Amino acid sequence: MRVAEKLREAVASMVTPWERERLTVTMSLGAAPFRPGMGLEECTRRADEALYQAKSGGRNQVVLAGTQPQPVPATPVVS
């Protein structure tokens, strides 16, 4: 979760000049712990479900399978 959150923050903090605009990109991530006895297919399914929770919960966030999306502070606009 820490690595995913740092990645999300790094992407959200980047600003890309484009024509006369400055673009920012955000990302949503879903994560699921791999537990003993769990197949790769089940773990992937749980991570995919967490990703869709992140998208429907406001985007620009990391959701761990089995938890609720947490509000993310707005990304500051850099001029």
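In the predicted model, strand S1 (residues 15-18) pairs with strand S2 (21-24) in the antiparallel sense, and 4 bridges connect the two. Within this pairing, Pro-17 stands opposite Arg-22 of S2. The two strands form a hairpin in which 2 residues lie between S1 and S2. Glu-19, in the turn, has a positive phi of about 50°.

The hairpin belongs to a chain of 79 residues that contains 2 helices and 4 strands. In sequence order these elements follow the pattern α-β-β-β-α-β. Of the residues in the chain, 23% count as buried. The accessible surface amounts to about 6000 Å², and carbon and sulfur atoms contribute 57% of that area. Among contacts with a separation of 6 or more, 41% are between residues 24 or more positions apart.

Helix H1 comprises the 12 residues 2-13. Its end C-alpha atoms are 16 Å apart, in agreement with the 16 Å expected at 1.5 Å a residue. Four residues of H1 are listed as buried, namely Ala-4, Arg-8, Val-11 and Ala-12. They lie on the same side of H1, because the arc they cover around the axis is only 100°. Such an arrangement follows from helix geometry: an α-helix has 3.6 residues a turn, so residues three or four places apart point the same way. The cover over the buried residues of H1 includes S2, strand S3 (29-31) and strand S4 (62-64). The face of H1 turned away from this buried side carries Arg-2, Val-3, Lys-6 and Ser-13, which are exposed.

The second helix, H2 (40-56), has 17 residues, for which a span of 24 Å is expected at 1.5 Å a residue. The distance between its end C-alpha atoms is 24 Å and agrees with this expectation. Buried positions in H2 are Cys-43, Arg-46, Ala-47, Ala-50 and Ala-54. Seen down the helix axis, these residues fall within an arc of 100°, so they line one face of H2. The buried residues of H2 pack against S3 and S4; S3 and S4 are also among the elements that cover the buried residues of H1. On the other side of H2, Glu-41 and Ser-56 are exposed. Just after H2, Gly-58 adopts a positive phi of about 120°.

The loop between H2 and S4 contains Asn-60 and Gln-61. Asn-60 has a relative accessibility of 9% and therefore counts as buried, the cut-off being under 20%. The side chain of Asn-60 is joined to that of Arg-8 by a polar contact of 3.0 Å; Arg-8 is one of the buried residues of H1. Gln-61 also counts as buried, because its relative accessibility is 3%. A polar atom of the Gln-61 side chain lies 3.2 Å from the backbone oxygen of Ala-54, a buried residue of H2. Gln-61 and Leu-29 are separated by 32 residues in sequence, while their C-alpha atoms are 6.4 Å apart in space. The loop thus holds one residue with a side-chain contact to H1 residue Arg-8 and another whose side chain approaches the backbone of Ala-54 to 3.2 Å.

Technical notes: Residues are numbered from 1 along each chain as its sequence is written. This is a predicted model: local features need pLDDT of at least 70, side-chain atom pairs count only at pLDDT 80 or more; totals for chains, interfaces and linings use all residues. Side-chain values use heavy atoms; hydrogens and water are left out. The expected span of a helix is 1.5 Å times one less than its number of residues. Buried means under 20% relative accessible area, exposed over 50%, partly exposed in between (1.4 Å probe, protein chains only). The arc is that of the directions from the helix axis to the C-beta atoms. Contact means heavy atoms within 4.5 Å. A polar contact is a pair of N or O atoms within 3.5 Å; within protein, one must be able to donate a hydrogen and the other to accept it, and residues adjacent in sequence count only if both atoms are side-chain atoms. Two strands pair if DSSP finds at least two bridges between them. Accessible areas come from the Shrake-Rupley method with a 1.4 Å probe; for residues, only the protein chains shown count as cover.
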